[in-house]
Amino acid sequence: MSGGSELLTTETVPAFLAERPHLAGPVDPAAIVSVVEVGDGNLNLVFIVKDAAGNGVVVKQSLPHVRVDPTWPLTRSRTKREAVVLGTHESIAPTHVPAMYGFDEDAIVLSIEDLSDHAVWRGELNAGRIHPYAPRALGRYVGAVSFATSVFGTPGPERRRLIAEATNPELSEITEDLVFTEPYVDHEHNGWLPANDEDVRELRADRPFVHEIALARIRFQEDAQSLVHGDLHTGSVFVRADDETGETGSVRAFDSEFGTFAPTGFDLGAVWANLVIAAARARVLGRDADASRLLALPVELVDAFEAEYVSRWPARVDPRVFDDAVLSVTLARIRSDAAIYAAAKAVRRIVGFSKVADIQTLPEPERAVAARLVLRVARVLGTARLTDADPRRLTALTADALFA
Ligand code: SR1
Ligand code: MG
């Protein structure tokens with residue numbers, strides 16, 4: 001296969017890898033026994049390839065359009081951006097992302113580690129398995145990569161070159177539209193149950209909240225604080241419990257094609273939002289103890305993030321001017337950003353395009369209640385953080401909203 005436009009199939013993948021052994025990772029291209037297409041996201045073809053010895057590799061190719069809507073064209077160069085983000089993050093936090101074996105610019109194919117022994121966290125949460133170690137691991141991941149790609153971790157000229165390499169105009173525009181704009185206006189991408197009409201009306205009429213979303217969008221567009229994953233929802237995270245208690249395990253963030261330089265709190269907020277969504281599901285299914293536990297996990301996420309960030313602070317680029325007061329201001333700002341981005345990311349999954357199985361698989365009466373609860377919690381996060389963004393306080397307030 002040559003040229004960038006030909007799409008792979010389960011039949012063509014073996015010959016494709018035989019021609020490009022640098023993409024095969026541990027797999028022997030001459031001994032491939034299975035190729036399965038498993039892409040269930042919005043944008044890509046994803047093949048799991050296994051050889052006779054049981055070795056695996058994941059081959060990911062971008063489609064030229066949104067997977068669920070062939071009339072919505074999408075730049076295929078996003079996969080090159082993903083290679084930049086994944087390669088950078090792997091060099092900083094190799095235990096928290098899949099290993100990258102190679103990127104083929106001609107075919108627009110990324111080959112990465114097969115993590116078939118892990119499960120997608122969203123599916124686990126929906127099945128009632130929380131994997132409580134995951135937020136701590138994600139906090140360490142975001143702490144490591146955000147510090148290392150911030151002005152504290154990378155000297156100015158090198159950092160500006162990386163910003164240029166990782167800039168992601170088309171996918172960042174999707175985020176600007178889908179996360180920060182469309183849920184607040186009439187748009188064909190939106191949709192909700194009639195039972196939620198009043199909830200959406202109230203959300204849009206909450207002008208202080210919508211104002212904070214607008215300011216958060218501006219910061220997302222203007223601020224190159226660190227190289228974020230860009231789409232760190234629970235469907236972008238693999239988990240694997242490593243003991244019978246389920247309290248420890250392996251956590252890997254994948255699918256970083258929305259990555260770009262943006263506010264660090266954007267990634268923390270994405271995790272937080274999806275914990276809120278999982279908590280709303282647990283609540284309407286009568287699993288109140290799980291709901292409480294899920295709502296408290298953002299505290300562990302933010303604590304682990306801060307511990308990682310602080311541990312790296314002594315190695316900062318320019319301690320002559322970056323004193324500890326700068327660290328305090330930075331962490332306070334990231335805490336506050338995390339809460340507003342959590343609010344924005346929660347609302348978009350209820351009102352806008354790309355809904356989530358946590359909510360969509362509920363029977364209709366429970367789905368409407370869960371959607372209402374998510375919007376209620378989002379509004380609390382969006383404005384309560386203005387007086388005090390301590391995640392412990394916000395967790396208490398969001399619990400009040402969920403159990404009211
Ligand atoms: C058109 S892409 C829709 C959504 O899928 C991704 O997971 C991102 O969240 C994006 O907003
Ligand atoms: Mg994705």
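These are my notebook entries on a few spots I looked up in this structure, which is a predicted model.

**Entry: the strand pairs**

I began with strands E1 and E2. E1 covers residues 32-37 and E2 covers residues 44-51, and I found them paired in the antiparallel sense over 5 bridges. I then asked how many residues sit between E1 and E2 in their hairpin. There are 6. To fix the register in my head, I noted that Val-36 stands opposite Ile-48 in E2.

Next came E6 (residues 100-104) and E7 (residues 109-113). They also run antiparallel, with 4 bridges joining them. Here I wrote down Phe-103, which stands opposite Leu-110 in E7. This hairpin has 4 residues between its strands, and in it Ile-108 takes a positive phi near 55°.

I also looked at a small sheet. It is open, has 3 strands in the order E8-E10-E11, and its pairing is antiparallel. Which strands are at its edges? They are E8 (119-120) and E11, each of which pairs on one side only. I checked the E10 to E11 join as well: it is antiparallel and has 5 bridges. Across it, Arg-240 has Ser-250 in E11 as its bridge partner.

**Entry: aromatic rings**

I went through the rings and got 14 aromatic pairs for the structure. One I drew out is Phe-147 with Tyr-309, an edge-to-face pair with 5.1 Å centre to centre and 85° between the planes. Phe-147 belongs to helix H4 (residues 134-148) and Tyr-309 to helix H10 (residues 288-312), so this pair ties together parts 162 residues apart in sequence. Both rings belong to buried residues: Phe-147 has a relative accessible area of 4%, and Tyr-309 has 1%.

I took Phe-238 and Phe-254 as my second pair. Stacked or edge-to-face? Their planes are at 20° and their centres 4.3 Å apart, so I put them down as stacked. Phe-238 is in strand E10 (residues 237-241), while Phe-254 is in the loop between strand E11 (249-253) and strand E12 (260-262); the two are 16 residues apart, and the pair links distant parts of the chain. I have Phe-238 as buried at 17% relative accessible area, and Phe-254 also counts as buried, at 14%.

Then I followed Phe-147 and Tyr-309 further. They share one aromatic cluster with Phe-152, Phe-305, Trp-313 and Phe-322.

**Entry: Ile-334**

Ile-334 is in helix H11 (residues 324-351). Is Ile-334 buried or exposed? Its relative accessibility is 1%, so I count Ile-334 as buried; the cut-off is under 20%. I listed what it touches, leaving out residues up to four places away in sequence: Gln-225, Thr-264, Gly-265, Leu-268, Phe-305 and Tyr-309. Two of those names, Phe-305 and Tyr-309, I had already written under the aromatic cluster. I also took the separation of the C-alpha atoms of Ile-334 and Leu-375, 41 residues apart along the chain, and got 22 Å.

**Entry: helix H14**

H14 runs over residues 391-403, which makes 13 residues. From its first C-alpha to its last it reaches 18 Å, close to the 18 Å expected at 1.5 Å a residue. What caps its N-terminal end? I found Asp-390 there, with a side-chain oxygen 2.9 Å from the backbone nitrogen of Arg-392.

I then picked out the buried residues of H14: Pro-391, Leu-394, Thr-395, Thr-398, Ala-401 and Leu-402. They cover an arc of only 120° around the axis, so I have them on the same side of H14. That made sense to me, because residues three or four places apart in an α-helix point the same way. I looked up their packing partners too, and these are helix H9 (265-284), H10, H11 and helix H13 (364-384).

**Entry: His-229**

My last stop was His-229, in the loop between strand E9 (226-228) and E10. His-229 counts as buried, at 0% relative accessibility. A polar atom of its side chain lies 3.5 Å from the backbone nitrogen of Leu-232. Leaving aside neighbours within four places in sequence, I noted the contacts of His-229, among them His-89, Tyr-141, Ser-236, Asp-255 and Asp-267. Phe-254, from my stacked pair, is also one of its contacts.

Key:
Residues numbered from 1 in each chain as written. Chains lettered and ligands numbered in written order. Predicted model: local features only at pLDDT ≥ 70, side-chain atom pairs only at ≥ 80, totals over all residues. Heavy atoms only, no water. Buried < 20%, exposed > 50% of the residue type's maximum accessible area, 1.4 Å probe, protein only. Contact = heavy atoms within 4.5 Å. Pairing = 2+ DSSP bridges. Phe/Tyr/Trp six-rings, centres within 6.5 Å; stacked < 30°, edge-to-face > 60°. Expected span 1.5 Å × (residues − 1). Arc of directions from axis to C-beta. Polar contact = N/O pair within 3.5 Å; in protein donor to acceptor, adjacent residues only side chain to side chain.
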